Structure formats: structure tokens, C-alpha cells
Amino acid sequence: MKENIWVAVIIAPLFSTMTFAKVEPVLQLEDVFTLEYASGLAINAGGDEVYFVRNYMDIHSDKKLGNIWKVDKKKNLTPVTNGLHVDYSPKLSPDNTKLAYISTASGKSQIHMKWLQTGNAGQLSHFTNAPSNLSWSPDGKHLAFSMFVDSETKSVVSLPGMPKGAKWAKPAVYIDDMYYRFDGAGYNKAGNSHIFVMSTDGGNARQLTEGEFNHNEKVSWSKDGSKLYYSTNKRLDKDLEWTDSNIYSVDIETQEVNVLTDRNGPDSSPIISPNGKLIAYLGSDQHYKNYENTELYIMNIDGSNKHSITENLDRSINNIQWAKNSKSVLMSYQDKGETYVASQSLSGKRKIVARQLGGLSYGRPYNGGEFVVSEDGTVAFTFSNPQRPADIAITKKGKTTLLTTLNEDALGYKTLASIKEINTKSSFDKRNIQAWIAYPPGYDTAKKAGKKFPLILEIHGGPVTNYGPHFSAEIQLMAAKGYVVVYANPRGSDSYGKEFSQTIHNNYPSQDYDDLMSVVDNVIKQEAIDDEALFVTGGSGGGVLTAWIIGHTDRFKAAVVAKPVINWISFALTTDIYPFVIKNWFNKMPWEDSEHYMKLSPISYVGNVSTPTMLLTGEADQRTPIAETEQFYQALKLRDVDTAMVRIPDAYHGIYKRPSNLMSKVAHILWWFEQYKTTPKSKGGY
């Protein structure tokens, strides 16, 4: 109770009394609950109707919810489901007369069907576990999907002597699996995900795969509907070789399974061409590096003649879909902080057909986006705007049309931060480092009046991910309180080619520090920045770099280290993905090369830290366990450095999945920075 009172006392004044340059209205914390964004797209054959999930923030349950809507080429919006439940994963039947989707209307996630011509809807399944990855058969008579199948929980002892009616402690849990828990899901249940098929008229579902292997990707049907194609990892040592998946087929009638790929490396996402002769899929060779480009491969339906058709594109391919003529594949990829859809012909020619995908990560400005292609070649996609979360847009023959403006009612009257791209040469080796500046409302006017601004450096996680010119509630809220916010893609980020990403292999953190400091120097040089009011924060990989930065410089007035890795040895042996981390990020086991692990650990430099530092992590985080945070906090306490620890109850690594947690995160960061903001020497003040 004491802690809650303290939070209310320190946060309420910050967001109720702070104004900046008399520019109103600006984004406020509570506006997080007004945000919406589109995802989960499906498009009809004629390309004139797009079905999508309209995601919204429910203020009563403090959750992100969503239901299914339709928008047509005339921008008419129509609800498809009633909005009383969570509805998602809409999939149109081949003849466009029915829409399959998953809904929680019964209290559990189940398969539902909507007959579009009559408007009737019904629940098809009554499963114990939730289905996912719906896929229609070519004749529209069956649905394939994946679903978890429980197996018997392991137990090695049974305690004797418990009297009838006695209340003993819960029994011990016996664990001998390599992967026994996952962030966001908790401790694993006994069992595996398998592929099922069921009639679209309802009835029982039939399980097609079996064994202690997970089949949790979307499947693709053969043209005649007799086989399903999918990927899974069937290695006996699959726990150590986590990413070595291959492409398989299973016969619907006989359940005969055939393997089509066999290399060491991930092969996934098989899609059968419309003419039924070819398979497009994604893959790469395993070299045990922190990053490899994912390429687009083609092979014959029998698995012969495998070859990459994007080997000359130094970028990873994310999603793929065949064009109707079977002569090209539509694919998305990220390049320099942005996402594109390109048409990749089998002959090698490539043409960008859609730009500005994104807007799905409303918390921080991460890249990414979704697209679908109609039979007539219309591409529908989630449209990204630096001042708006994802909307729906379509493009055909070079003409792009925005169909929705989901946040205009909530954000249209707000003055938001403007975003500008900058490029900086790293002081380490003159590499170009791309970054973006978010300017607070009223910046230009105040700058002309001689005002200087505090600066926040906000660092992305991953570390092999990337930021871009996309909407970010966190960045916007920081700018709304009068900060210039800069975010960058230092070396190790993806979307700049394999070599750029691999520079941090077994070398992280390292010269990414120089990249970020060079960006800060460049912003100070060209903008109205008070160099005595510099602040730094970041989450996950960004938390690692924030902790590293304050161990190597004292130029920042205060720092907030969110969900970090502080000690690579303890992290590698406590994270939920420990085999992957050790095999792909390091060359040796921790006990074989402890000196190297510690050289890259921020805890090794805690003796240099003088920067006031807040640490912030979800208590249920299993990706970067909160013990990492506690190590740094306690070390700073022992050194009498001003520090605080914020623990988000029940929050996993993705703190922002609960809207109020996103609000709390930003509020704590800004409150901490306010405690150490100095009065600038230049006129104007803050």
C-alpha cells in the first residue's frame, strides 16, 4: 500500500502540472487507452474488400482486445463480429462466401464461421485447447489448423500416508526438459502442438501428426487437397539445435509423412504455387552466428531443384505469398528501418509494390507489418505513419489508397511530435548510423526564441531488431513532456545487411556504444539541446546498452535501465531460451570462457557508474529475469549510487501488453528524469 501511495504522489503531479510551450492538447498518459490498430488481414478475390482485426485497448479489463471488421474500396467500415468477445485470425473461404475465425465467445478460443451472404454465424469447434493457424482446403470443404495436445504430466514419486480430507502442500513438480518455460506462457505443459483437419460443416477434428515434435506453423494445401505441407524440427537433439526445422508433407488420407528438405538450418513457411507445381519457402544455412539472412527458396513439389531467388538481396525475407500466375512471389522485407512488399519473379527480377508497412508495435517504433494479396493482384497492408498506429491501405498498379483512419478521432486534434531522419558517421569506423529525432510540440518556435531542450536517447532491444519512422506511444509521450527524443539503429541492428548485424556476434555490447554516442553528439551539434540535460533509457537489448553506457561515461544526468541483461553468465543460465543464446551468441559455454562473458557484462563496469539509475522490469519476466535487475540495483546500492528499482507485478518481458503497464513504464521514466533535470544556462527554461 505504501508503494502505491508513493507512485500516486510522484506521478500525478508530473502529468497534471507539466505543460510545454503552451501547445495544447498534447498526448497524455490516459490517451494510451484510446489507441487502435489494424492487423490480421484477409482480402477477397476482387481486391475490393479487406477483413481485419480492429485492435483496441479496453480500459476496464486493462487488455488489448479486438474484433473483426470489413472495409471496402469506398472506405466503408462494417463490423463483422459484435465486439463482445475477442475475435481474430479471419480467413476467407476460396469462394469468398464464408469467413472462418477464432473467437472467445464461448469463454475459450474456438473456431467460428460466418456465412457472409446470410450473415449467420456459428461455433464449429469445442476443443479443450485453443486452435491456431487456420487454413482452408482448395475446395472449401475442410479447415486445417494446429493445436496443442496434452500428454501425461511427469511424476517420479507418490507420497504415502495422506489421510482422507487432509490438506497437504501442492505436489512437487518434476522437470527434465531442456525448454521448460517460456516468457509470456510460464512453465510448459506436457505435450506438443500438432496439425488437425476438420470439415467446414462442423464435426470432429482429425489429428494428422504425432510425436514429441511441435507443429505450430501455418500449413499449405496441395492443389488437389490431398496433402498438407508444413515445417517442424524432428532432430533427436532438437532442444540444442532449436532452429533446424525442415519442410514436410503429410497425406490427408494415409497420414504418410515425407521430408522435402534436410539441410542444417531453418526451413519454414512452405506455400504451394497456384498451379500446384512449386513450393516457395523461407530458409537459411546454420552458421551459429547471431544473425543470418532469411532467403526465399523455390523447389519442385517433390522437393527437387532447391534454389534461392533472393541470394543477391542482402536482407531477410519475412512473409511470402504467390502471385496468381505462379511466376512470381510477393514478399516483405525490411530495409533501413522500413518495411516493403516486393514482387520477386522466379527469373530474378524484383520490384517494390508497397511501401510504409508497419504500425503494429504501438509502444516503441519497431519495424514490421502485414500484407495479403488478392487474386486480381491488389495488395492490402498495414500502413505505417510516424504519427498513427497501423491502418489499412491497398495498392494496385502503383496506386496506393488509405482505406482507414482508425485513430483520427483520438489523435486528430492532438499536437504530436514530428519525426526527422538523420545519418551519422560512427566515431569508431565511420560506418553510417541511421537515427530519427522526435521533436516536442512547439520545438521550432521555442528554438528561435533561444530555448534549449533536454534530450532522451531511447535504445531498441533485440539486439538484432530495428527502429524506424513508425508510431510509438512511448516516444510521443516523452516528446509531449518537452524532451527531444532520439532513437537509432546502431551496429547489430537488422535491415542493413548481414555484415552489419554480425559485427556484434560474440561482441555485444561493443562499438554499438560508439555508434550511439556519435548520434547523440550529432544531435547536440545540429539541434537546440542542453548538453547538461542528457538522459538515456532502453529496454531488453536497449537495457543492456543503457547499463553499458553508464559504465563507460558519466555524460548522462540520469538513466533508466529496463529489463536488462547485466551478467551474461547468469543470464545465459537462467533465461528461457538458454541453449539458443549460448550456441548463437557465444563461441563457448560460460564455464569455458567466463572471462569473455564477463568482459561483455555491464556488471563488470558497475564500479565506474556514477549516473543516477532507475531499473524497471516485469516480475514475471523470464526472458531477462528480474534477478538481472536485482544484481545491478544491489551493486549500485553497495556503491551508494542514487538508484531505485521498479517492479511491474505479473508483467512478462513485453511490459506494454497491458496498457496501464505501458503508462506506468513511461511515467516512471519521466519522473526519474525530472528529478535530475538541471536548469539550463540558456534563456527560456524548461
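How do the residues of the lining of the largest cavity divide into nonpolar, polar and charged? The legends below cover this and two other close-up views of the predicted model.

**View 1. Lining of the largest cavity in the predicted model.** The structure holds five cavities of 30 Å³ or more, and the largest cavity encloses about 90 Å³ of space. Its lining is made up of Asn-290, Pro-463, Val-464, Ile-504, His-505, Asn-506, Asn-507, Tyr-508, Trp-568, Trp-585, Phe-586 and Leu-600. Eight of the lining residues are nonpolar and four are polar, while no charged residue takes part.

**View 2. Surroundings of Ile-271 in strand β19.** Strand β19 spans residues 267-272 and includes Ile-271. Is Ile-271 buried or partly exposed? Ile-271 has a relative accessible area of 24%, and because buried means under 20%, Ile-271 counts as partly exposed. With neighbours within four places in sequence left aside, Ile-271 is in contact with Ser-220, Leu-278, Ile-279, Ala-280, Ile-320, Gln-321 and Trp-322. Ser-222 lies 49 residues from Ile-271 in sequence, and the C-alpha to C-alpha distance between Ile-271 and Ser-222 is 9.0 Å.

**View 3. Helix α7, residues 541-550.** How many of the ten residues of helix α7 are buried? Ten of the ten are, and the helix is mostly covered. The buried residues of α7 begin with Gly-541, Gly-542 and Gly-543, followed by Val-544, Leu-545, Thr-546 and Ala-547, then Trp-548, Ile-549 and Ile-550.

Note on methods
Residues numbered from 1 in each chain as written. Predicted model: local features only at pLDDT ≥ 70, side-chain atom pairs only at ≥ 80, totals over all residues. Heavy atoms only, no water. 1 Å grid on protein atoms, 1.4 Å probe; cavity = no way out; pocket = protein on both sides within 12 Å on 5 of 7 lines; lining within 4 Å. Points joined across faces, edges and corners; volume = space filled by probe spheres on them. Nonpolar A, V, L, I, M, F, W, Y, C, P; charged D, E, K, R; others polar. Helix = DSSP H or I, 4+ residues; strand = E, 2+ residues; numbered from the N terminus. Buried < 20%, exposed > 50% of the residue type's maximum accessible area, 1.4 Å probe, protein only. Contact = heavy atoms within 4.5 Å.
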